[in-house]
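Hi,

Here is the structure I promised to pass on. Please open it alongside this email; my notes follow below.

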Amino acid sequence: VNPLLEAFGNAQTVMNDNSSRFGKYIQLRFQKNTVQGAKLSEYLLEKSRVVQQDTGERNFHIFYYMFAGLSSEEKEMYGLLDPSLYRYISGRFGTQDVAQRWKHKYQEVCNALDMVGFQEQEQVDMQAILAGVLSLGNVTFEPEENSGSVKVSEASRGWLKAAAVSHRRADRNLVARVLCSLLSLEGSASCSSLCADARDSIAKVAYGRVFGWIVCKINELLAENVDPAVELKEIGILDIFGFENFPVNRFEQLCINLANEQLQHFFNHHIFQMEQAAYKEEELPWETITFNNTEPILNMLLAKPVGLLSLLDEQSAFPQATDKTFVDKLNSSFKGNLHFQPGRGRVLCFSIIHYAGKVQYTAGGFLEKNRDTLPANVRGLFINSITPLL
């Protein structure tokens, strides 16, 4: 299953050409020293990568593999044009050598889909959704004359139709309903950016659900085929991002680094505190090992009701709140805290002194990403699609 998980969950970053952008927990189940099955859980998929990548980074591998591996006829069926045209992959594509490697990787993905047991129609639906996501990313908006609202720009109506065709609803009704769902906020002063947010939220949720569905299908294949009454032994394996500190760190890096803070605390507690206590109790010779206590940082991040995440949830619940009001709240709540530093300069930011070092976080987008909402009318679009997978 690795080719599947890597194609859909990994991407090129400034640190690594094949960086895992999700965390996975594997439960290996044994009976009499023989592996009987396994279960995979996925966490923290970096959905924001679908709609935006930093300089020197790429979207998830699968998008590039599709362009390199699909035949001309298949691309036409999915409405895919030249890859340089798509905003969600930043108009970048590889050299001929790289494209050849991606073509080989695409074949690996297809083989893995067959081996795991994905039906042909499921594979078609999945690639149609991904093609639709790319087309949707090219939909832009412009002001409606004299009405104060916005509309899909004339230049991008073809992209909207391509997104509809990819989901096999080429009729005008679907196009109109997509328009309505995106433009349900008309009359708002920032209507254009709200429409762009709604467009991006559709793309992110569609991709995230496809990834989750793939993991569910994998679990069906890996499930143990034994009597449920038989007790199985289990080994858990966690594979998650390391601590991250990029030139620009966002909400995703905060979540990843929080997970690493918790893992470090778990490690310290089990390897140092509990081991040292056991040696002491058994009166074995032991040289005390000192280690950094990460509890104060975890309390600052996780305490209720005044930890950073609680304050973020609180601000996310207020319609009038902004990323700036959130940062202002942090600055007042953590004034004097040794693990927090207010931002300086024009960029809206703050810094946290983690166990591994100081990281500055750019606060733009924190509230929107934490809410992670899908407008109800967009949800209705998904429900009423004739593509079963969607």
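α8, α9 (251-281) and α13 each supply two or more residues to the lining of the second largest pocket, that is, at least two apiece. Bear in mind that this is a predicted model.

α8 is the top contributor to the second largest pocket, giving 5 residues. The volume of this pocket is about 500 Å³. Its lining has 22 residues, and L45, K47, F251, K369 and D372 are the closest to its centre. Sorted by class, the lining of the second largest pocket holds 8 nonpolar, 5 polar and 9 charged residues.

Where does the second largest pocket lie relative to domain 1 (1-239) and domain 2 (251-371)? It lies between them, because both domains give residues to its lining.

Now the largest pocket. The space in it comes to about 730 Å³. It is lined by 27 residues. Nearest its centre are S193, L194, D197, E368 and K369. Two elements give two or more residues to this lining: α8 (191-222) and α13 (366-371). Again α8 gives the most, here with 8 residues. K369 is thus named for both pockets: it is listed nearest the centre of the largest pocket and among the closest to the centre of the second largest.

What is the class make-up of the lining of the largest pocket? There are 11 charged residues, 9 polar and 7 nonpolar. Domain 1 (1-239) and domain 2 (251-371) each provide at least three residues of this lining.

One more residue to look at is K358. You will find K358 in strand β10, which covers residues 357-362. Is K358 buried, exposed or partly exposed? Its relative accessibility is 43%, so K358 counts as partly exposed.

Leaving aside residues up to four places away in sequence, K358 touches N245, Q341, S351, I352 and I353. With one of these, Q341, there is also a side-chain link: a polar contact of 2.7 Å joins the side chains of K358 and Q341. As for M300, K358 is 58 residues away from it in sequence. In space the two are 15 Å apart, C-alpha to C-alpha.

If you want places to start on screen, try K369 for the pockets and the K358 to Q341 polar contact for strand β10.

Best wishes

Terms used: Residues are numbered from 1 along each chain as its sequence is written. This is a predicted model: local features need pLDDT of at least 70, side-chain atom pairs count only at pLDDT 80 or more; totals for chains, interfaces and linings use all residues. Side-chain values use heavy atoms; hydrogens and water are left out. On a 1 Å grid over the protein atoms alone, a cavity is a set of points where a 1.4 Å probe fits but cannot get out, and a pocket is an open set with protein on both sides within 12 Å along at least five of seven lines; lining residues have an atom within 4 Å of a point. Grid points are joined across faces, edges and corners, and a volume is the space filled by probe spheres set on the points. Helices (H or I, at least four residues) and strands (E, at least two) are DSSP runs, numbered from the N terminus. Ala, Val, Leu, Ile, Met, Phe, Trp, Tyr, Cys and Pro count as nonpolar, Asp, Glu, Lys and Arg as charged, and the others, Gly among them, as polar. Domain bounds come from an automatic or database domain assignment. Buried means under 20% relative accessible area, exposed over 50%, partly exposed in between (1.4 Å probe, protein chains only). Contact means heavy atoms within 4.5 Å. A polar contact is a pair of N or O atoms within 3.5 Å; within protein, one must be able to donate a hydrogen and the other to accept it, and residues adjacent in sequence count only if both atoms are side-chain atoms.
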